[in-house]
Amino acid sequence: MTERQTRDFSVVICVYTEDRWEDILAAVASVRHQSHPPLETLLVVDHNPALLERLRREYEECAADGEVRVLANAGPRGLSAGRNTGIAAARGAFVAFLDDDAVAERDWLRHFHAGYADPRVMAVGGRTEPAWALGRRPAWFPEEFDWVVGCTYRGLPPGRVRVRNVLGGNASFRRTAFDAAGGFATGIGRDGDKRPLGCEETELCIRLSRALPDAVLLIDDRAIIHHRVPPARERFGYFRTRTYAEGLSKALVARSVGAGKGLESERRYTTRVLPAGVVRGLRDAVLGRAGGAGRAGAIVTGVAVAAAGYALGSWRARRGDMVFEVGPIPSGEEPGTGAGSGTEVGNGAGDTAVSGNAAEARAGSVNGSGTGTGTDEEAAA
């Protein structure tokens, strides 16, 4: 057995625009320099033929031995179908996901790998740090809302901890997890630069826990990536849009998996973490520290806007006029032909059972991105 054959991680990076060309190259380079080298890196291009050809030329030499493979999203447009294409083509025992505008620290995969020493562990996520375009956090931007820019937020416990769900841009799964639960629901997850919805990984992780009740999902905050935050996402307008979209997404996930599971982590977040953040901001304002009042106000605004999104999303979900699909991931797909769509279709009105060996799924209607607030503080074993 060769050294490459003993490697166990396939790393999937979904890409959609040439505007992020330098970011994509940096993301791939960070994976290729891991202290625990992966078996392969899979670049999945979301319906962009020009980018597909450019990346194939860029990594032509690496493609010969399979170190870097460039695939076309074989499913419908969007992040979920892109990830499913990568999963279907992956040859590793574990599948890791890295955002196309992030770079991983050298020991990222090593910490993921250590988490799987326990055979019950089906997913391990990491810590995502913001790389602000201006070089520092805007004074008004509360750390409790770092999920708005796809990053780990204040309120999550430190260390290696058991969670309800990992965050999609910095996560890994056993390949067998997808055999049990199916893939990411298509129709959920970000679609290019459209409205920044989210929660597809939350829905998948809850579905996985239902399919495998003994499954353990972890976040290890030593598995660090650095996520670029462009100037547009440092503005309050994006903050407002993203929190509204998160409310929409949470409503649809709650419709899919039930409000009990879909919102159990959010209740602690909104009743404990956020009030503490408001008090801290007001205290800083009284003490004359920069941005204190702004942070307190942003938290209050964020909660109100997300609640409005949740209310509208719940109403839309009850109407059942949006659909998403969940299905098994085929194995042994040839590069570029991985399946991205599922086999069952939901309309937000009730349960559906996924065919094959995939787990029972409850269909709703989501169309979102890869971040969210769905983690909890349960201590790791």
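## A walk through a predicted protein model

Arg 54 is partly exposed, with a relative accessible area of 29%. In this report, buried means under 20% relative accessible area, exposed means over 50%, and partly exposed lies in between, using a 1.4 Å probe and protein chains only. This is a predicted model, in which local features need pLDDT of at least 70 and side-chain atom pairs count only at pLDDT 80 or more, while totals for chains, interfaces and linings use all residues. Residues are numbered from 1 along each chain as its sequence is written, and side-chain values use heavy atoms, with hydrogens and water left out.

### Arg 54 and its partners

You can find Arg 54 in helix H3. Helices (H or I, at least four residues) and strands (E, at least two) are DSSP runs, numbered from the N terminus. Not counting residues up to four places away in sequence, Arg 54 touches Glu 18 and Trp 21; contact here means heavy atoms within 4.5 Å. With Glu 18 there is also a polar contact, side chain to side chain, at 3.0 Å. A polar contact is a pair of N or O atoms within 3.5 Å; within protein, one must be able to donate a hydrogen and the other to accept it, and residues adjacent in sequence count only if both atoms are side-chain atoms.

### The whole chain

Now let us step back. The protein has 12 helices and 13 strands. Of its 381 residues, 56% count as buried. Among contacts between residues at least 6 apart in sequence, 80% join residues at least 24 apart. The accessible surface comes to about 14,900 Å², and 52% of that belongs to carbon and sulfur atoms. Such areas come from the Shrake-Rupley method with a 1.4 Å probe; for residues, only the protein chains shown count as cover.

### Four residues in loops

Which residues does Ser 35 contact, leaving aside its neighbours within four places in sequence? They are Arg 106, Asp 107 and Arg 110. The side chain of Ser 35 makes a polar contact with the side chain of Asp 107 at 2.5 Å. Ser 35 counts as buried because its relative accessible area is 17%.

Cys 151 is buried too, with a relative accessible area of 1%. Leaving aside neighbours within four places in sequence, Cys 151 is in contact with Thr 128, Glu 129, Pro 130, Asp 146 and His 227.

His 47 has a phi near 55°, a positive value in a residue other than glycine. Asp 214 is 94 residues from Arg 120 along the chain, and their C-alpha atoms are separated by 6.7 Å.

Here are the loops and accessible areas of these residues.

| Residue | Loop | Relative accessible area |
|---|---|---|
| Ser 35 | between helix H2 (21–32) and strand E2 (40–45) | 17%, buried |
| His 47 | between E2 and helix H3 (49–58) | 37%, partly exposed |
| Cys 151 | between E6 and strand E7 (160–162) | 1%, buried |
| Asp 214 | between helix H8 (200–211) and E9 | 62%, exposed |

### A pocket to look for

Rolling a probe the size of a water molecule over the atoms shows where empty space is left. On a 1 Å grid over the protein atoms alone, a pocket is an open set of points where a 1.4 Å probe fits, with protein on both sides within 12 Å along at least five of seven lines, and lining residues have an atom within 4 Å of a point. The second largest pocket holds about 210 Å³ of space. Of the 17 residues that line this pocket, the closest to its centre are Arg 127, Thr 152, Tyr 153, Arg 154 and Leu 156. Strand E6 (121–132) and strand E9 (216–229) are the elements that give two or more residues to the lining. The largest share, 4 residues, comes from E6.

Definitions and conventions. Grid points are joined across faces, edges and corners, and a volume is the space filled by probe spheres set on the points.
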